[in-house]
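This report walks through selected parts of one structure for a reader who has not met it before. The sequence and the model are shown first, and the description follows.

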Amino acid sequence: MTQISLPTGHQNTFSARASRWVEHCGNRDCTSGWLQLFRRRSSPRFEGNWACSPACMEHILTDAICSQIESWEPVHAERALRMPLGLILLSRGWISHGELQEALAAQRRSGNGRIGEWLGRLHGVSEETIAKALGIQWNCAVLPHGMPGLEFAPSLIPAFLRRRYGLALLRQGPDAALYLAGKDRAEHAAARAIEHMLREPVHAAFLEDSTWHQEQAETADTAEVLVPGRDGVVASIGELIERTRPSDAGLVRMHDHLWLRIWLAGRGSRLMERRDIVISLRGQDGEEALKPLN
Ligand SMILES: [Zn+2]
C-alpha cells in the first residue's frame with residue numbers, strides 16, 4: 001500500500017487564501033507560469049476555465065472542440081447494429097408474419113413511408129405499439145401520448161437546432177427530468193450534449209406520433225448563426241469569445257453543428273445575459289469547415 005503524505009494544515013490554509021488572489025490558466029500547456037498574480041483579464045471564461053491570454057483561450061477551445069467532435073457517436077454506425085423494427089414487432093407477437101410481409105411489400109411499392117406507418121395503415125397496429133417497439137429498438141424511454149404533466153420545454157435549446165434535427169425537449173413537471181425526443185432516431189448523443197450544456201439529466205426518448213403533432217408553441221429563435229471564417233471554427237469562436245468576454249461559456253456538438261452558449265455580465269445589473277450561437281461544422285458546399293487544429 002502506498003502512503004501518501006498530506007500537506008500540512010498550514011499549507012492548506014495558505015493555498016486556500018492564495019487561490020482567492022491568483023488563478024490558474026486553464027491551458028495545460030501555458031508557458032506564462034501557472035500562477036497569474038494581479039491578473040488583468042478576469043474574463044473571458046470558458047467552461048469554468050480562465051485563460052491568461054487569447055492564445056491560451058484558443059488552446060482551451062481547441063481541446064473542447066476536438067473532444068466534442070470526437071465523442072459524438074456516428075449515427076450510421078449505431079443504426080447498423082439495430083434490429084429491424086418489423087422483426088421486433090414480430091418477435092413480441094405484436095404482428096403476424098403475414099402482416100409484416102404485406103407492410104414491407106406496400107412500403108417497397110410506394111417507395112416511401114416508415115414501416116410503422118404502413119403497419120398502422122394496413123393492419124391497425126397502434127401508435128403506442130409502434131412507439132414501444134422503437135423504444136426497444138433504440139434502447140430508450142417511450143413517452144406515451146397523454147402522459148400526465150408532460151410538457152414541451154422548447155426554450156431550453158435553440159429553435160434552430162430543434163428544427164434542423166427534428167428534436168423536442170420535454171419535461172414532466174417543473175422539477176422532473178428532461179427528455180429529448182428525436183423524430184426518426186433515438187438521440188442518445190444529443191441528450192448527452194444537452195445534459196452537458198444544461199447541467200441536468202436528459203434522457204433520450206420516443207414520442208408517439210400524435211404527441212409530435214401537438215403543436216409546440218413556437219418560440220422566437222434567438223440563436224445567432226456564426227459562419228466560420230477562413231481560419232476555421234476554432235479561430236472564429238476564439239475571436240467571438242475575446243470580443244464578447246463572457247463570464248462563462250459552454251460548447252457542445254449537436255450533429256453537424258456546434259452550439260456555443262455564452263453568459264455576459266449585464267451592465268449595471270446583476271443579471272446575466274445569455275446568448276446562443278450555432279456554428280456549422282460543414283462549409284456551405286458541404287465541405288468541412290474545420291481547419292487542421294495544429
Ligand atoms: Zn495561459
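## Strand β9 and its surroundings

Strand β9 is mostly covered, as seven of its seven residues are buried. This is a predicted model. The cover lies on both faces of β9: D248, G250, V252 and M254 are buried on one side, and A249, L251 and R253 are buried on the other.

The partner of β9 in a hairpin is β10, with two residues between the two strands. In the turn, H255 has a positive phi of about 55°. β9 and β10 run antiparallel and are joined by seven bridges. Within this pairing, V252 of β9 faces W259, which belongs to β10.

Both strands belong to an open sheet of four strands, ordered β8-β11-β10-β9, with mixed pairing. β8 (224-226) and β9 (248-254) each have a single partner strand, so they stand at the edges and one side of each is left without a neighbour in the sheet. On average, neighbouring strands of the sheet are turned by 25° against each other, direction ignored. At the other end from β9 in the strand order, β8 pairs with β11 (residues 272-280) in the parallel sense, over three bridges. Here V225 stands opposite V278 in β11.

## Helices on the sheet

Helix α2 (residues 54-70) lies across β9 and β10 (257-265), and runs at about 30° to β9. Helix α9 (residues 188-198) also packs on the sheet and touches β9 and β10. The direction of α9 makes about 175° with that of β9.

Which residues of α9 are buried? They are A189, A190, A191, A193, I194, M197 and L198. These buried residues pack against β9 and β10, and also against β5, β6 (178-182) and β7 (202-207). After α9 comes R199, which has a positive phi near 55°.

## The zinc site

Which protein atoms are the donors of the zinc ion? The SG atoms of C25, C30, C52 and C56 fill this role, lying 2.3 Å from the ion. The angles subtended by the four donor atoms are 105 to 115°, which makes the arrangement tetrahedral. For four tetrahedral donors the ideal angle at a metal is 109.5 degrees. Along the sequence, the spacing of the donor residues is C-x4-C-x21-C-x3-C.

C30 and C52 are 22 residues apart and link distant parts of the chain. C30 sits in the loop between α1 (9-18) and β1 (45-46), whereas C52 sits in the loop between β2 (49-50) and α2. Both residues appear in the table below, together with a glycine described after it.

| Residue | State | Relative accessible area |
|---|---|---|
| C30 | buried | 17% |
| C52 | buried | 15% |
| G166 | buried | 18% |

## The loop residue G166

Where does G166 lie? G166 is in the loop between α8 (159-165) and β5 (167-172). Why does G166 count as buried? Its relative accessible area is 18%, and the cut-off for a buried residue is under 20%. Neighbours within four places in sequence aside, G166 is in contact with L161, A181, G182, K183 and W212. The C-alpha atoms of G166 and R185 are separated by 9.5 Å, and the two residues are 19 residues apart along the chain.

How values were computed. Residues numbered from 1 in each chain as written. Predicted model: local features only at pLDDT ≥ 70, side-chain atom pairs only at ≥ 80, totals over all residues. Heavy atoms only, no water. Pairing = 2+ DSSP bridges. Axes fitted to C-alpha atoms, helices over the stretch in contact; angles between N-to-C directions. Contact = heavy atoms within 4.5 Å. Donors = N, O, S within 2.8 Å, 3.2 Å for Na, K, Ca; no water. Tetrahedral: all angles 85-135°; square planar, octahedral: opposite > 155°, others 65-115°. Buried < 20%, exposed > 50% of the residue type's maximum accessible area, 1.4 Å probe, protein only.
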